[in-house]
Amino acid sequence: MSDPINANPTVLDVSELPKRQDTSTKNSASPHDKLVETILGLSLDSDSEADEASKDDDIDNDGELGNKLEYKYDDDDDEDEDIDSQEIFDLIATINDPEHPLTLAQLAVVNLSDITVTQGADKTKDLSEVLIKITPTITHCSLATLIGLGIRVRLERCLPPRFRIRILIKEGTHQSENQVNKQLNDKERVAAACENEQLLSVILQMLANC
Amino acid sequence: MNLIASIAAHKDKCWSVASHQSLPLLATSSTDKTSKIYKLLAKQHFPQVAVLEDAHKRSIRSVAFQPPVNGLQTGEPVDLPVVANGSFDLNISVWGIDEPEELDELESDKLDDSDDSNVQAVKDILCSSNNEWMLMALIEGHENEVKAVAWNHTGQYLASCSRDKTVWIWETDPQTLDEFECVAVFNDHDQDVKHVSWCDNRNMLALSSYDDTIRVYVKEDGEDDWDCATILNGHTGTVWCSQFEPSQRSDTDKIRLVSCSDDLSVRIWSSSAAGSSSSAPATAATAERLPSSIKHTHDDQIWELETILPAVHQYSIYSVAWSPYSGRIVSSGADGKIVVYKQDSSDDRQWTIEQVKENGHGINEINCVTWSILDDGTTEVIVSAGDDGMVNIWNSS
Amino acid sequence: MSEPLEVHDPATLIHQFIALTTIEDGSNTANEFTLILGELITEGKMSLLEFIQLLGPTLTSDKDSVRSKAVHCLSSTLTNLEPNTATITMKDVNVLIDFLLSKFDDNPSLQYCLRLIDSLIVSKNFKPSANDNLQKILQRLNKQYYTPRSHLAKVRYYAFKVLQSLLLNHKDYITINHYQLFTETFIHVATGEKDPRNLLISFQLNSMINKSFSQLDPTLVEQLFDVCFCYFPITFTPPPNDPYGITSEQLKTGLRNAIASQSLYAKDLFPSLFEKLTSTNPTIRNDVLITLLECIESYSQETIVQYWLSIWNAVKFEILHNEVTTQLKPNEDYLIPPNYITQYGDDSEEKTLLLVLDLFTKILDKFEDNYDALKSYLDIVITELTPKLKGLKEKSYKHSIIILSVLASCNESSFLTISKFLFSTDIWGKYIDNETITTIEHQNEPLNTSKQRDLIDSFGYMFIAYDILASNTNLDDSFTQTNSLFTHKDHLLIFMGQLLQSSSLLEKTLKCKLIQQLTKLIRLPEYLNPREDLLVITYFNDNLISTIDQEKTSWDTDIVLREIVLNMKKLSNNDVIISMFIEQCLPNILNHLTADFPSYPKILNLLSELVFNYRMLETLSIRLLGRLTDASTFAGESQFGKLIIDTLVKLIINSPESILKVNFESWYKNFIPRFLTSIVNHNIDSMDYGTIEACGEFLGLVIRLTHKLKHQFIINDYMTRYHGTSFESMNKAIIISNRVLSNIDKSVDYSPDYTSIIGLLQQRNGDEYLRLSYLQTLAIIMNKFTKGIDEEYLEELYGNLTLIKQVELFAWVIKGLVMKLDPLGVKFLLKLVTKLKEESSPVAKAFNIIYIDLPNFIPFHFPNYSNGSGPINDVRNLNVKPLYKQFTFEQILPELIEGYTSTRNTTYLVALSLVLNNLPSSIYQPHLKQILPLIMNSLVLNSPMLIKASLMTLEMIIAEDSLVMDQLDTIVPRLLSLSLSGSAETRTLSLKCIYNLFNGFQPREKLFKYKQQTLTQLIPVLDDRKRHIRKIACDIRQELYEMDV
C-alpha cells in the first residue's frame, strides 16, 4: 500500500472490543470439581451396571469402561451453540486493515451491532444469512472493496455452506456505496478475484492474524 | 421432480453444464480446472466419458457443445462432438475427437439394417469412452476472465464474453476447426458481460451483463457486420443468463428470449419480428436478392417485455433454460431451488409454476440448469450443477 | 631465513638487513636482525660507537634506499633497547639527537629518525635542557625544517608522537621554558592534518596544551581553536580495512574534549556552534548540543556567566518550538531519563529535546555557588516562559512546565523560586486557591476536562522535581516547610480531591492521572502527614467502591480501578499506608463479598490482587476464614464457600517466596481450629465434595507451611479432635483427613491399622466418592505409614482378583507401594499385567489408578518457590521415587506389547493407553516406534475411552516426533472421520491432532497432498454444534489455505 489515505484514524483499544461474556459454568468450574470428577472416573466398582445403562442411550457407541472417563466431557446433551453475530465478529475482527497496522475491529470498520445473523430453522435444508455492514474509515476509501473482499474470503472459509453472506457498505459512509456493494456480492467476481495471485497475497496479509 | 442420479463430478464448485443436441452427452466445468463429459444412459447410469484437463490454469467458467450441422446418417460426414471451455485464465479451449475407425466398419457391414439402429450404433460409437478427447485449439484474446462461450447454430461462429466488457466472435471451419479467427468484437456494454447465447436458427445472439441490460446482436446472412438490434432494459440487477426460445417451438414469427437476474426476476422478452428478418434460413435467399437499402430489417424489430414469470427465488437467479422438447422453462440459483414454469395453452403470456424443487443441491447454490434427453430419446430431464461439485439429473415429466 | 640467527657478526647482520629488499614495519626478519643487534649492544658485545661506525658508510650513502635502510636499522635497533638501559649514555643521546635532527632534510629517513627521537625522549638519559635537546627538537619540527604536507601520514604520526612524548615526560620543563614554542610547533604540525589516527593525538595534545599552559596568548589560543574546531562536526565512516580501527565516536569525543578544554574558546566557539544549530540534520544538532553540554560542564563559571544568555536564546527554540512533544511522562520517577544519551539514536528528535533540558540544568549547576548569576538566569527563564504559561491551551505550555521542573529539581533555591512562581495566582494559583478561584480572571478560562488533564500532568512534573531534589540532597526543614509546593499543599489536595470525587465516571483518564499524582504526593518525602495520607486513601476507597457498585459486569477491568490497584502496589512498602488501606478499603470491599452479590468471584480476584505483602495476606486470610465459619457460606447451590477457599489457596500458592518464608505456625494455632470446627463438626454434611476437597487442600497447604517440628503435634491433635483414631465407619471427614495424612511429614509417628479400612471397604456402601477416598487413604498409608506389607497378604489379595472390588483395592495398594518402588509392589504390578489375558477384565482400568497423578500423591511444590520442588521447612511428605513411573513403565511395556500381539486382546491396548495418558511424553518418547502401531490399532476400535486415550497420546507424538509421517495415509482420514463423529471431546482431540499435524514442525511437502481432502472434509465440521470445535476447524482451514509448497 502506498501512503495511507487516512493517515490518522480513530483507534479502539482492543480491550474495548465486544467479547463473549462467558456464562457457561463449565469453563469456570473450580479445579476441585474437576478433581472430584476425575476421582469418580477411577471407580471400577459399579461399572457393570453403568455400562448396561450406557449401552442403550449411546450415540457414539461407547464401548466398555468408556463412559466413566467420558463423564467429564460428555456434553452431547447440552444445548447447541449456534453461530451468532459475536462469533461472526470474532471471525473477522482480527483481519488486518490493508493500510494500517491495525485490525478492522480496532478501526471500527466492523462493528458487532452491524452484523445480523438469520438462522434457518433446519440446518440441513434451510438457508441462513449473515449480513455485515462495514464502515470505511473515510468516505472515499479506495480500499473498501478490498476490505470487503477480505471479510468475504474469511467468512467463506469459516462458515458452513448453508450461509449466504451479504456484505454491504454502511449507508452514507462511502461515495460509491452501490458499486462497491454490487462487486462484493457478485459471486462470480469474488470467485475470480480469489484466483488472482496479487489479490490473494494481499488478502493473505490481511488474514495473517486470523 | 425426482432425482434420477447425482454425479460427484468435481472436487470443487461446478460452474456450468451443457447437453449435446443430438448425442446423449453431458459436459460439465468446474473451479477444479477440469471439464468432464458424461453419457446419459436411460438405464439411469451415467458413465464418465472423458476428462478434459491441464488446458486451463484457473476455473473453467463455462462449457458449450458445438451444435450438429449434418445428421447422423452414415454416408454423409458424421458430426463429431466438439466442446468449448471458457476459463478465468482468459483463454478458451476447444476439444474434440478423431473420427473412430468403428464408423468405417459400420460402413462396411451396413447392408440392409435400418437407419434407426444404425444411427443408434453411430451414437454409441461417438459417445464411447474409448474415444480420446484432444485439445483442438486454445484461443487467446480477452483481457479478463472469460465468463461464457457459445456456438451459433451452424457451428461456424464461437462467441465469448468477458469481464473486459467485450464480446468476441470467432469464426472457424465447423468440420476441421482448424483456426479461430476473430471476426467481430462488441464493446458496447459498460460492465462485465456475464453470458452469451445464440438463437438456434439465425445469427442472433443475446448478451447478458453486469450493467443490468441485455443486448441483442444480429448479422443478416450475407452481411459481414453485426448490429445491435436492441437493448433490453428492465432488470434492476446483474443479468446472469438469457436464452432464446428454441425455434421448433415458436410456430409464429415471434422471437422470444427468457432472462434471469440478481433482481430475483425471470423475464420473457419478445420481438414481433416484422418483415423478412423473421424468415427462416430457407427464405434467406429472397433476402439475398433484396436491395441493400431495405435490408437492415432488424432495425424495425420491436422488442418488449412480454411477461415476468411468477416470483419464487429468494436469492440471485444464476441460470435459466428453455426446453426445446416441452417448451417449459427452468430456473435456478443461489437459493438452491429448481423451478419449472409452464406456459398456459390458452394465453401464451400466462405462465404458471409447474413444480419447485427445494434444496436441489442441499444447502448449496446452483450455478447452472439445462434440459436434456436421455439416450432413450424420450425421457426429458433437467440437469443442475452446484457449488457442491455435484451434477444432479432430475426426471421432470 | 633461519640462517642469519647463527651468525652473530654485526657487520653481516647490518648488511643482510640493508640487503633486505623491502622492509615493512615489524617484518620478522628485519626485527630478528635488529633484535640481535640490540642484544649485542645491551650485552656489551658491541658499543654503540662501534655500531654506528659499522653503519657509517651506509648512513651517508647517497643511495636513498641504502641510507634510509641504514637509519631504519639504527632506529629500530635502538628503539628495541630497554628504554632505561644505561647502555645509551646521556652523551650518546645528545650525539644521536644532533645526528638525527641533522637528517631531517633526508625525507626517506625522516620517519625512522622521528621514531628514534621519540624513543630517546622516553629513555632515562634524555635531559631536555642538556644540549638544548628539547628546544632543538621543537625548532626542527617547526616551519623551516618540517613541512607536514610533504610527508606520509605514517611519518606525520611520529611527529605527533614526538610532541606527545615530550609533553607527557617533560611537561613542567616545557611549561616553564618553552610552552610558547611548543604550542607554535604543535600548531604547525597539526595544521591541515587529515589522518584519523593523527587527529586523535592532535586533539589530545590540543586539550593537554590548554590544560597545562595557563597563560597562552590570545593569538595562539585562536590558532589552537582553529586547528581543532575546523573539523567540527565530524562525519567519519571508518574505511573497511582500517588497521587502527578508529571509530567516528572516538574522534567525536576526542574533538569535544579538545574544544571543551579551553574556556577561552568560548568567544569563537559558541557563535559558530549556534550557527550550526540551524542545520536541518538532527544528528548534527545533537552533536552540537552534546558539545555545548561538555563545554558548559568544563568551562569556567565566569565564561558561562558571560555566555549563558546567548546559549539560552540559541537553544530554547529547540524545545519551545519543537514539533515533537516529549515522551516525558508525568508519572515517572525521573524527568531526564538517566542514560538517555545512549538509549536514543544520534538522529532522534527526542534526544535533542532531552539534551536541551540537560543543558539548562548544567548551566544551573554551574551557578550553584553564585547566587546572583543563578537568580538572573532563573529570572530570565521565568520571564520568558511566563507568556507561554498564561493559558493551558498554549502549545508550548507542557514544555515550559517541563523546563521549569527540570530546573527546579537542581537545587533548593531554584526549587523555591520556581515553585513560588508556578503557584502564583496567574499560573496555577487561579485554579487551585479557593480564595482566587472565584475571581474574574479565572472565569475567562474555565477548565474543561482536557485542560484539567494538562493541569494535573503539569503538577506531576513539579512533584517529580521535588522527589528528585529530595533524593539527591537531604532537605532541611526550613526548605520543606517553606517551599510553595508545601504551602499550597492543602489547596492541591482539595483541588485534586474534588476533581477525583466530582468528575464523572466517564472522565476515566482524568481520574487515572489524579490517582497517579495523589499516589506521588503520598510518596514525596516530608510532604503529606498521616492525616492527609488517610484523606487520599479515602478518595481511593470511594472511587474503588463506586466503581464496583456501578452496575457493570466488567467493573473489574475498569481502568480507574486498575489504576488504583496499581498505585496501591507502588505504596505497598509503606506500612502506614497499608494499614490505612486495610482499615479503610478492605472492609468496604469485603462487604461486597456476599453470595447474593452477582460478581462476588470478581471481588475475590480483586482481593487476591491486593495482597502485596504478608500483612495483607494475613489480614485478608483472617477475614475470609471468618466467612467460612458461618454456615450460610456453604448453604445452597452457590459456589460461594468453595470460591473463597479457592481464593485462599491461590493467595498462598501465588504469594512470592518472601511471604511463604513466614512461619505459618501461628496459622495452625489461630484459625485452623475455628476453621476445622466449623467445617468438620458443623457444615461438612451440607458441603459437596468439591468444596470439601478445597478445604482439604487449604488445610494441607497450611500444614506444609508449618514447620516440620510441629507436625507430630498437628497429626495427633487433628486425629483426636476431628477424625477419631480408627476407621470404623465411613465419614466425609476422610476427604480432609487424606489431605492431612498426605501433607504431614512422613517422619511423624502414626501407624493406623489399615486392615480396618480394608474391612470397611468390603461392606457395600452407596457412596462412590467416599469409597474412593478411603481407597486413597489406604494407598497413602501403604506409601508412608506402613513398615512394609507381607507378601502372603498381597498374594491373597491377588488371588481373588476376580471380584472388581478386589481389583480396585489391589490397584490402590499397589499404587501406594509402586510410588516408592517397593520391590513387592513392582513384582505384583508385573503380575497384574498377566491378568490382562482375560477378555474385558476390569484389570485394564487398574493401570489408570496406579499411574494417575492425584493431589494426595504428588509431592507438593510452590510455583513461586525458587527451588521448585524443594521442601519447605524441610517437610518431606510422601515416599515418591522420582523415576518410579519410568522405571516401572520400562518393565511393563514389553509385557503389554507382547500380550497384545499374541492375544489381540484390547484390554492390553486399554491398559497401555491409560498408562500413557499418565506419563510425561519424555518417558515414552524412546519407545514410540513400538507404541505407535498399537495407538493406530486403538484409533480404529470403537471404544471412545480407547480413542480418547490414543488421541491424547497421538497429539503428543505429532507435536514431538515425525514418526507419524509414514502413517499419514491412515491417520489423516481416521482423524477426519473422528472429527465428525464421536463425543465432543473426541471431536476436539482429533481436530487438535490435525491442527498440530499441519501446523507443527512436520515437513510440509509431505502433508501437502492431504490439503484439498482435509479442506473439503472439514466443511461439515464448520457447522459443529460446539463453538470451540468450529473454531479449531476454522484455524486448521486457515492454516491449509496459507499452506503452499
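**Where chain C meets chain A**

In this predicted model, C:Arg1027 and A:Glu87 form a salt bridge in which the closest N and O atoms are 2.9 Å apart. That distance falls inside the cut-off, since a salt bridge is counted here when a side-chain nitrogen of Lys or Arg lies within 4 Å of a carboxyl oxygen of Asp or Glu. Between chain C and chain A the count comes to seven salt bridges. Helix H56 of chain C, which covers residues 1027–1042, gives eight residues to the side of chain C that touches chain A, and this is the largest share. Sorted by character, the residues on that side of chain C are 22 nonpolar, 11 polar and 23 charged.

We can now turn to the contact as a whole. Chain C brings 56 residues to it, and chain A brings 53 residues. The two chains bury about 4800 Å² between them, with 55% of this area coming from carbon and sulfur atoms. Of the area that chain C buries against chain A, 16% is supplied by C:Lys845, C:Arg1025 and C:Arg1027, which is more than any other three residues supply. The interface of chain C and chain A also holds 19 residue pairs in polar contact, with both residues at pLDDT 80 or more.

Chain B offers another feature to look at. An unreviewed UniProt entry lists "repeat: WD" for several spans of chain B, among them residues 139–171 and 186–217. In the model, residues 139–171 of chain B are 55% strand and 0% helix, and their end C-alpha atoms are 11 Å apart. Residues 186–217 of chain B are 53% strand and 0% helix, with end C-alpha atoms that lie 9 Å apart.

How values were computed:
Residues are numbered from 1 along each chain as its sequence is written. Chains are lettered from A and ligands numbered from 1 in the order in which they are written. This is a predicted model: local features need pLDDT of at least 70, side-chain atom pairs count only at pLDDT 80 or more; totals for chains, interfaces and linings use all residues. Side-chain values use heavy atoms; hydrogens and water are left out. Contact means heavy atoms within 4.5 Å. Buried area is the accessible area (1.4 Å probe) that two parts lose on being put together, summed over both. A polar contact is a pair of N or O atoms within 3.5 Å; within protein, one must be able to donate a hydrogen and the other to accept it, and residues adjacent in sequence count only if both atoms are side-chain atoms. Helices (H or I, at least four residues) and strands (E, at least two) are DSSP runs, numbered from the N terminus. Ala, Val, Leu, Ile, Met, Phe, Trp, Tyr, Cys and Pro count as nonpolar, Asp, Glu, Lys and Arg as charged, and the others, Gly among them, as polar. UniProt positions are given in the numbering used here, feature names are shortened, and annotations may be inferred rather than shown by experiment.
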